[in-house]
Amino acid sequence: MTPLGRLIAARIAREGPMRLDDYMQTCLLHPQHGYYATRDPFGAAGDFTTAPEISQMFGELAGLALAQAWMDQGSPAPFTLAEIGPGRGTLMADMRRAMRVVPGMGDAAQVALVEASPHLRQVQTEKLGAVTHLDRADDLPEAPLFLIANEFFDALPIRQFLRVEGGWAERMVTQADGVLSFALAPPMPLPRQGALGEVFEDRPAAPAVAAQVARRIVAHGGVAISIDYGTWEGRGDSLQALRGHEYDNPLAHPGEADLTSHVDFAPLAAAALAEGAAVSAPVPQGDWLLSLGIAARAERLAAAGDAGAAAALHRLTDPAAMGQLFKAMAIWPRQAPPPPGFAPLRDVAPRNHAHDA
Ligand code: SAH
């Protein structure tokens, strides 16, 4: 068992079984032993690779999409250029470089990064120079907000409920002799239909983040684009642990494996709509990047000698790679045009409005 695993088992022995969101939060962000608090998990030497770490094209196109939206809204200055969960800072660096083609945008941008990990804050400062770090989305300034978040929501902790006779039983983490295992709490009623055996995942902190972002965009203008792997509605048990690019048992290496689950976009959209913002349906990442011109950009890079451009294009856009599983969703003011690559969703759609093929 890892050092954090021993601490968790001792706490469960004292206090009783732990909720899954509490377990995930502890594993990811424990100040001494948490996964993000202690390491840089990205890239070939780490546990997983994200789209901006695959190719500069991802950040360039995301930056140009935000730049087009900024111009469409009258080039407000100053404005907040924000990212939630910036990892190594690669995405922000690529976005800022691409935005240099837009006169005045760089000077008007005040960069704000929402980051929970002290270690990654340091990595980001080394990469980006002086930036403002914030603890939470609630701390974002009251100003026009142009925001990106890649693989942020999937790292927010979830609760899981199993439909059993008599209601929904929450999945808890328990222990015996220092070994962690899952157990079910007694069933309780939830305002939700479900067949016996169905698993429902709830991400309690996510809608409030979407609402904070949407409220600023409605009040001051701006756009938010969030890219994550997931579906319009949940798809059962999707908790996964990744360690050294391999799937791991989520209870096996607390603090040493990345824990994520599929993002359910419907509650994010509902929270933004409730604030009066326009939102898009989740667009498959491949479709979104292709509509922004990634194929032409890959050709240019290849012609300039970038030997990896074609493979990166494939990885980011092919439906069998990241192109279909990952989705992009945007939030913007109702009176403004949608940002490039997005169309408005009229209402919170009924079940299965948009889901994986
Ligand atoms: N966007 C980056 C990194 C994704 S990993 C990329 O695409 O490469 C998730 C990021 O979110 C990390 O930077 C992690 O430290 C941060 N994070 C996780 N939980 C957080 C929270 N509750 N608040 C703020 N940041 C968080």
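Which residues line the largest cavity? In this predicted model, the lining is made up of Ile-84, Leu-147, Ala-149, Phe-153, Ala-210, Val-213, Ala-224, Ile-225, Ser-226, Leu-268, Met-329 and Ile-331. Several of these come from shared elements: strand E5, helix H9, strand E10 and strand E17 each give two or more residues to the lining. Of the elements, E10 gives the most, with three residues.

Here are those elements with their residue ranges.

| Element | Residues |
|---|---|
| strand E5 | 145-150 |
| helix H9 | 206-220 |
| strand E10 | 222-231 |
| strand E17 | 326-333 |

What kinds of residues face this space? The lining divides into 11 nonpolar residues, one polar and no charged. The space inside the largest cavity comes to about 110 Å³, and the count of cavities of 30 Å³ or more is one.

Now let us turn to a helix, H13, which spans residues 309-317. Which of its residues are buried? They are Ala-309, Ala-312, Leu-313, Leu-316 and Thr-317. These buried residues cover an arc of only 110° around the axis, so they sit on the same side of H13. A general rule helps here: an α-helix has 3.6 residues a turn, so residues three or four places apart point the same way.

On the face of H13 turned away from its buried side, you will find the exposed residues Ala-310 and Ala-311. The buried residues, in turn, pack against helix H4 (51-54), helix H5 (56-72), helix H11 (285-291), helix H12 (294-303) and helix H14 (319-323).

Conventions
Residues numbered from 1 in each chain as written. Predicted model: local features only at pLDDT ≥ 70, side-chain atom pairs only at ≥ 80, totals over all residues. Heavy atoms only, no water. Buried < 20%, exposed > 50% of the residue type's maximum accessible area, 1.4 Å probe, protein only. Helix = DSSP H or I, 4+ residues; strand = E, 2+ residues; numbered from the N terminus. Arc of directions from axis to C-beta. Contact = heavy atoms within 4.5 Å. 1 Å grid on protein atoms, 1.4 Å probe; cavity = no way out; pocket = protein on both sides within 12 Å on 5 of 7 lines; lining within 4 Å. Points joined across faces, edges and corners; volume = space filled by probe spheres on them. Nonpolar A, V, L, I, M, F, W, Y, C, P; charged D, E, K, R; others polar.
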